[in-house]
Amino acid sequence: MTKLADLADEYGFLDPDDRYRLLIDLGRGLAPMPEALKTDATLVRGCSASVWVYPTVRDDGTLHFLADSNAAITKGIIALVLLTVQDQPPPAILATDIDTALAPFDLKNQLSSNRTQGIPNMIALIRETAARYAG
């Protein structure tokens, strides 16, 4: 996966259309999420599009999230959110200020409020999951 700082640098030089394309490409890079995992239990509430997030615990105790959306741009947003925490131990995820990590992308001003309204819910779900596994 791309480093968040490198991605933020690239994003800063792009015009709005290319920023959309970058987010869509990022979403395409997510590992496929099996249809069987796209359930009401994995659905993120409050998103204009359907977003599913499913945590898996790796042998080393790190959390790996599978995610998908029925909207390409939203899938890119969740991919961006996951870049901040993917494959980290639960305490490290809890210590990560995801909002600050995403600040260089200025998503609230780059995308419609419809597209960004679910981001806090995505972040809350990730943090709740990490807290559950942190013990």
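Which residue just after H8 takes a positive phi? Keep that question in mind as we tour this predicted model.

## Helix H8 and what follows

Let's start with helix H8, which covers residues 119-134. With 16 residues at 1.5 Å a residue, H8 should span 22 Å, and its end C-alpha atoms are indeed 22 Å apart, so the two values agree.

Several residues of H8 are buried: Ile 119, Met 122, Ile 123, Ile 126, Thr 129 and Ala 130. Looking down the axis of H8, you would find these buried residues within an arc of 125°, so they line one face of the helix. Now back to the opening question: Gly 135, just after H8, has a positive phi of about 100°.

## A hairpin of two strands

Next, look at strand E1 (residues 51-57), which runs antiparallel to E2 and is joined to it by 7 bridges. One pairing to find is Thr 56, whose bridge partner in E2 is His 64. The two strands form a hairpin with 5 residues between them, and Gly 61 in the turn has a positive phi of about 90°.

Is strand E2 mostly covered or uncovered? Strand E2 (residues 63-69) is mostly covered, with 7 of its 7 residues buried. On one side of E2 sit Leu 63, Phe 65, Ala 67 and Ser 69, and on the other His 64, Leu 66 and Asp 68; both faces are covered.

## Two helices packed together

Finally, turn to helix H1 (residues 4-12) and helix H2 (residues 16-28), which pack with their axes 10 Å apart at an angle of about 150°. That angle is over 145 degrees, so H1 counts as roughly antiparallel to H2. Their crossing is right-handed.

Definitions and conventions: Residues numbered from 1 in each chain as written. Predicted model: local features only at pLDDT ≥ 70, side-chain atom pairs only at ≥ 80, totals over all residues. Heavy atoms only, no water. Buried < 20%, exposed > 50% of the residue type's maximum accessible area, 1.4 Å probe, protein only. Helix = DSSP H or I, 4+ residues; strand = E, 2+ residues; numbered from the N terminus. Pairing = 2+ DSSP bridges. Expected span 1.5 Å × (residues − 1). Arc of directions from axis to C-beta. Axes fitted to C-alpha atoms, helices over the stretch in contact; angles between N-to-C directions. Parallel < 35°, antiparallel > 145°, perpendicular 65-115°, else oblique. Left-handed = near helix turned anticlockwise from the far one by under 90°.
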